[in-house]
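Q: I'd like a close look at one part of this structure, and a proper walk through its neighbours too. Take your time with it.

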Amino acid sequence: MTVGGALVVYAFAVGFAGPAWIRRADWPLRAPRLGAAAVVAAAWSVPVALVLAGVTVFLPTSGLTIDVGQLIGACLVRLRAAYGTPAGAGVVTAGQVLTVGLLLRGAWTGARFVHRRQTERRRHRLLVRWAGAHVPELRAVVLEQPGAAAFAVGGAQHTVVVTRGAVDLLSGAELSAVLAHEHAHLAARHHRWLTAAAVVAQALPLVPLLRDAPALVGGLLEMDADELAATHHEPRVIARALVAVAASSPRSGGATGGVADGGGRRAARPSGGGSGGEALARVQRLLRPPAGLPAGSRALARAAITAFTVAPLLLAAAPMVYALA
């Protein structure tokens, strides 16, 4: 099998079998931040592998050298030989289309995402300016809206937002726990992980792992924020607040958790209203916390994250390493 073929097989194996593997594994639920990192690393490794697969079709990695002239000459020889037969010409053309198409798709998706984020950032600022008031004792902005909701907005001017409905609904301890959950999102920079998952999902939405990445990462980061908040607040209080907000507005999308990207858009699904199963899983986890992941298992999880990050590069560079050995 050629290097390009191995990279394509890797991309399909990770992209299509990844969601089932992640949902069957229990360690991401025991270490949700590591689980979220693994999902993001695996998802991003798919387009990287596909781009490198296209590159290796017309770039002779076994002949790589620091001499640019020799490298260009080797590429021309490779292309001339490939275009000598119809089959070779088809393979090279497919590789070029794959690489250029994915790079253009990524650039277009990234530009559209940045534009949307800037637009929604302005919208968020207007919303806070006209309908919200900063309350120093809460370390949050209170929106004068009847529906119960609370969420964090990441970015340069990160803030926590809570509605008047949530303030009136929750007790002092419950509101404090909810706000601690939102501040945990910001302290752990969860919005960056969610942005990475959202961008790769928009780039290749037909690949199951990439399509599911925002939901998978969002759910795991909600659990991570619960854990961080539970270090200073009673888990039962957090669970009670989650249930109270979910029950208060089941159809209006009330939420007790979530983090938005820099533009103010909720990157995670509402955990109180949009996904009842997700909210139930969080409540059960708060009331019956799973055993922590042992140090050895954490090391293996970090090794898996590193493997996903470097695997496409190692596969692509294997012939060069072999030639230099």
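A: What follows is a tour of one strand and its partners. First the small print: this is a predicted model, where local features need pLDDT of at least 70 and side-chain atom pairs count only at pLDDT 80 or more, while totals for chains, interfaces and linings use all residues. Numbering starts from 1 along each chain as its sequence is written, and side-chain values use heavy atoms, with hydrogens and water left out.

The part in question is strand β2, residues 140-143. Names like that come from DSSP runs numbered from the N terminus: helices are H or I with at least four residues, strands are E with at least two. In a regular strand, side chains alternate between the two faces of the sheet. Here, Ala 140 and Val 142 point one way and Val 141 and Leu 143 the other, and all are buried, meaning under 20% relative accessible area (exposed is over 50%, partly exposed in between; 1.4 Å probe, protein chains only).

Now the partners. Two strands pair if DSSP finds at least two bridges between them. Strand β1, residues 132-135, is antiparallel to β2 and pairs with it over four bridges; in that pairing, His 134 has Val 141 as its bridge partner. The hairpin the two strands make has four residues between them, and Arg 139 takes a positive phi there, near 55°.

Then there's strand β4, residues 159-163, which runs parallel to β2 and is joined to it by three bridges. Val 141 turns up again in this pairing, standing opposite Val 161 in β4.
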